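Q: Got a minute to go through this one with me? I'd like to talk about the charged side chains before setting anything up.

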Amino acid sequence: MTTNKNEVKLERRGETEVVFTRYFDAPRELVFDCHTKPELMKKWLIGPEGMVLETCEQDLKVGGKYLYLYADQNGNKSGVYGTFREVVVPETLANTENYIMDMATFDPKAPEDPNATFESRTFITEGKRTLMRHLCRYASAEMCKMMVESGAADGMAECYLELDKLLGEMG
């Protein structure tokens, strides 16, 4: 097995937390921009198999909302939404994350699920590279276990390969 120097590493912290870490061969300002600017996010943030990021709306400030909707060729949609809790350009981005299970009943004005996942990404300069630490705090040990076992790290790794391509084009 070959090891990618920029692989996604997963570390469990307690019953409900997971920390993913990943290096990028680009300055943190650029990596941060790729995580916060919709026109860049649409170029690398792939969704479930066969889906593309169709809608990427956000108000990038503390208390601001975001909505990311993925769609496939048949019109099927899924997505996530939430609220930004911390925004410190270009070092920290924290938010809640709620999954949209049924587009027919989704109401973007409805209150957030109290069981929303909390996410925090920290971007750290290390030489010419950027280390991203991505903390996920789930509402329950069961949800955390399900996310780890579902291959969340593998899905992130696929997305980040796309981000590596984009960063290469921009660098």
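What follows is a chat about charges, strands and a few backbone details.

Q: Before we start, what kind of model is it?
A: It's a predicted model.

Q: OK. Which domain annotation does UniProt give for residues 25-168?
A: The UniProt record, an unreviewed entry, lists "domain: Activator of Hsp90 ATPase homologue 1/2-like C-terminal" for residues 25-168.

Q: And how far apart are the end C-alpha atoms of that span?
A: They lie 8 Å apart. The span is 29% helix and 38% strand.

Q: Now the charges. How many salt bridges are there?
A: The count comes to 12.

Q: Give me one. What does Arg 22 pair with?
A: Arg 22 and Asp 164 meet through their side chains in a salt bridge, 2.7 Å from N to O. Arg 22 is in strand 2 (residues 17-24) and Asp 164 in helix 4 (residues 152-170), so this pair links distant parts of the chain, 142 residues apart.

Q: Is Arg 22 buried or exposed, and why?
A: Buried, because its relative accessible area is 2% and the cut-off for buried is under 20%. Asp 164 has 23%, so Asp 164 counts as partly exposed.

Q: Got another one? What does Arg 129 bridge to?
A: Arg 129 forms a salt bridge with Asp 25, and the closest N and O atoms are 3.0 Å apart. Arg 129 lies in strand 8 while Asp 25 is in the loop between strand 2 and helix 1, so the pair ties together parts 104 residues apart in sequence.

Q: And how do Arg 129 and Asp 25 come out on accessibility?
A: Arg 129 is partly exposed at 26% relative accessibility. Asp 25 is partly exposed too, with a relative accessible area of 43%.

Q: Switching to Glu 97. Where is it, and what's the nearest side chain of opposite charge?
A: Glu 97 is found in strand 6 (residues 92-100). The nearest side chain of opposite charge is Arg 121, 5.4 Å away.

Q: Why doesn't that 5.4 Å count as a salt bridge?
A: Because a salt bridge needs the nitrogen and the carboxyl oxygen within 4 Å. Glu 97 ends up buried with no salt bridge.

Q: So which side chain does Glu 97 make a polar contact with?
A: With the side chain of Tyr 99, at 2.9 Å.

Q: What else is Glu 97 in contact with?
A: Leaving aside neighbours within four places in sequence, Glu 97 is in contact with Tyr 66, Val 80, Tyr 81, Ala 116, Thr 117 and Glu 119. Glu 97 also stands opposite Thr 117 in strand 7.

Q: Back to Arg 121. Which residue does it have a salt bridge with?
A: Glu 119, at 3.3 Å from N to O. Glu 119 is buried at 5% relative accessibility, and Arg 121 counts as buried at 13%.

Q: Which strand is Arg 121 in, and what does it touch?
A: Arg 121 has its place in strand 7 (residues 117-126). Not counting residues up to four places away in sequence, Arg 121 touches His 35, Glu 91, Thr 92, Leu 93, Asn 95, Met 132, Arg 133 and His 134. With Asn 95 there is a side-chain to side-chain polar contact at 3.4 Å.

Q: His 35 is in helix 1, right where I'd look next. How many of that helix's nine residues are buried?
A: Seven of the nine, so helix 1 (residues 28-36) is mostly covered. The buried ones are Arg 28, Leu 30, Val 31, Phe 32, Cys 34, His 35 and Thr 36.

Q: How is strand 7 joined to strand 6 and strand 8?
A: Strand 6 and strand 7 run antiparallel, joined by six bridges. Strand 7 and strand 8 (residues 129-137) are antiparallel as well, with nine bridges. For instance, Phe 118 has Arg 137 in strand 8 as its bridge partner.

Q: What about the turn in that last hairpin?
A: The hairpin of strand 7 and strand 8 has two residues between the strands, and Gly 127 takes a positive phi near 65° there.

Q: Last thing: which peptide bond is cis?
A: The one from Val 89 to Pro 90 is cis, with omega near -5°. Pro 90 is in the loop between strand 5 (77-88) and strand 6.

Key: Residues are numbered from 1 along each chain as its sequence is written. This is a predicted model: local features need pLDDT of at least 70, side-chain atom pairs count only at pLDDT 80 or more; totals for chains, interfaces and linings use all residues. Side-chain values use heavy atoms; hydrogens and water are left out. Helices (H or I, at least four residues) and strands (E, at least two) are DSSP runs, numbered from the N terminus. Buried means under 20% relative accessible area, exposed over 50%, partly exposed in between (1.4 Å probe, protein chains only). Lys and Arg count as positive and Asp and Glu as negative; His and the chain ends are not counted. A polar contact is a pair of N or O atoms within 3.5 Å; within protein, one must be able to donate a hydrogen and the other to accept it, and residues adjacent in sequence count only if both atoms are side-chain atoms. Contact means heavy atoms within 4.5 Å. Two strands pair if DSSP finds at least two bridges between them. UniProt positions are given in the numbering used here, feature names are shortened, and annotations may be inferred rather than shown by experiment.
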